Amino acid sequence: AKTCSEIAQLVESTLKADGIPAFTYADFGTCVHHYLEAALHNREPILATKYLQHLSQSNQKKLHQLCHTMTQQFLASPTGQVVQEAPWKKMEFPFKLKLGKYIINGSVDLIYKDSQGRYHIVDYKTDQEEHPEHYYPQQAAYKKAVATIFNLPEEQVNCSLYYLRTGHLVDISQECSLVNLEEPFDFANLVFDVDTTHACDTALQLEVVEAVALDEDQQIRFC
């Protein structure tokens, strides 16, 4: 609860006359992502000026403290320990997936390979409320992309959400396997972002564009 109120205080301190904050919940989520990526690369995190310029000096310090705390809690968690010891891992893993007449441009927060050869997708969330069902279509696309890139059956790719405020890891692999991305309803869920105003961090990190010029056999490629 304290963490939630501290994040809200950062955001609300930058409210403009129109009621829209200059530093948003999405910005906070992005800053935490930068910290996590830096930690797994064993380097110092650097936050861009655009995330700091609207915060006072004391709130900039608070932002760094919150990001550092969440990062250290992840690294100390069972998931974080496994990730650090994994024989192969990649942060901010980009992909393009052809799905029907569309290309889905996405970026997976974290993917790692365990000692048994299974691939695991971990998507960080700084959402205040935990609603894994919002992310089933997104993660189903990630799962399909990773399986295609590495020439694996989708059953060998696990999908999990890691909620950074609480440290909860939610395995949604089974739910993702039930998503049919060819169905209009599921694809609509994939295209449209969930509300990011108060409860969620960044948008779904998926950009969908029409792809009429894409070769029919070009299923996947790196960004």
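The legends below describe close-up views of a predicted model of one protein chain.

**Figure 1. The whole chain, with its eight helices and seven strands.** The protein chain has 223 residues, and 46% of them count as buried. Its exposed surface comes to about 11,300 Å², with carbon and sulfur atoms supplying 50% of that area. Of the contacts between residues at least 6 apart in sequence, 65% join residues that are at least 24 apart.

**Figure 2. The largest nonpolar core, made of 31 residues.** The residues with the most contacts inside this core are Phe23, Phe28, Leu63, Phe74, Leu110, Tyr124 and Leu164. Two or more residues each come from α1 (2–12), α2 (25–40), α3 (49–52), α4, β2 (102–113) and β3 (119–125). Helix α2 gives the largest share, seven residues. Apart from this core lies another one, of 24 residues, including Ile111, Tyr119, Ala145 and Ala147. In soluble globular proteins, nonpolar side chains tend to be buried together.

**Figure 3. Phe28 and the residues it touches.** Phe28 is one of the residues with the most contacts inside the largest nonpolar core. Leaving out residues up to four places away in sequence, Phe28 touches Ile7, Phe23, Leu63, Leu66, Cys67, Met70 and Thr126. Of these partners, Phe23 and Leu63 are also listed among the residues with the most contacts in the core.

**Figure 4. Thr71, a buried residue of helix α4.** Helix α4 covers residues 57–76, and Thr71 lies within it. The relative accessible area of Thr71 is 2%, so the residue is buried. A polar atom of the Thr71 side chain lies 2.8 Å from the backbone oxygen of Cys67. Not counting residues up to four places away in sequence, Thr71 touches Val32, Tyr35, Leu36 and Ala39.

**Figure 5. Asn59, another residue of helix α4.** Asn59 has a relative accessibility of 9% and therefore counts as buried. Leu10 is 49 residues away from Asn59 along the chain, yet their C-alpha atoms are separated by 6.4 Å. With neighbours within four places in sequence left aside, Asn59 is in contact with Gln9, Leu10 and Ser13.

**Figure 6. Strands β1 and β2, paired in the antiparallel sense.** Eleven bridges join β1 and β2. One pair of bridge partners is Trp88 and Lys113, the latter in β2. The two strands form a hairpin with two residues between them. In the turn, Gly100 has a positive phi of about 65°.

**Figure 7. Strands β2 and β3, a hairpin with five residues between the strands.** The pairing of β2 and β3 is antiparallel and runs over four bridges. Val122 in β3 is the bridge partner of Leu110. Gly117, in the turn of this hairpin, has a positive phi of about 90°.

**Figure 8. The two faces of strand β3, which is mostly covered.** Seven of the seven residues of β3 are buried. Tyr119, Ile121, Asp123 and Lys125 point one way from the strand. His120, Val122 and Tyr124 point the other way. Tyr124 is one of the residues with the most contacts in the largest nonpolar core, whereas Tyr119 belongs to the other core, of 24 residues.

**Figure 9. Strands β3 and β4, paired in the parallel sense.** Strand β4 spans residues 157–163 and shares seven bridges with β3. Cys159 in β4 is the bridge partner of Ile121. Between the two strands the chain passes through helix α6, residues 136–149, and this β-α-β crossover is right-handed.

**Figure 10. Glu92 and Asn151, two residues with a positive phi.** Most residues other than glycine have a negative phi. Glu92 is not a glycine, but its phi is positive, at about 50°. The residue lies in strand β1, which covers residues 88–99. Glu92 counts as partly exposed because its relative accessibility is 26%. Asn151 is not a glycine either, and its phi is positive at about 55°. This residue sits in the loop between α6 and β4. With a relative accessibility of 71%, Asn151 counts as exposed.

Conventions. Residues numbered from 1 in each chain as written. Predicted model: local features only at pLDDT ≥ 70, side-chain atom pairs only at ≥ 80, totals over all residues. Heavy atoms only, no water. Buried < 20%, exposed > 50% of the residue type's maximum accessible area, 1.4 Å probe, protein only. Polar contact = N/O pair within 3.5 Å; in protein donor to acceptor, adjacent residues only side chain to side chain. Contact = heavy atoms within 4.5 Å. Core = buried A, V, L, I, M, F, W, Y, C linked by side-chain atoms within 4.5 Å. Pairing = 2+ DSSP bridges. Right-handed = clockwise from strand over helix to strand, strands pointing away. Areas by Shrake-Rupley, 256 points an atom, 1.4 Å probe, with all protein chains shown as cover.
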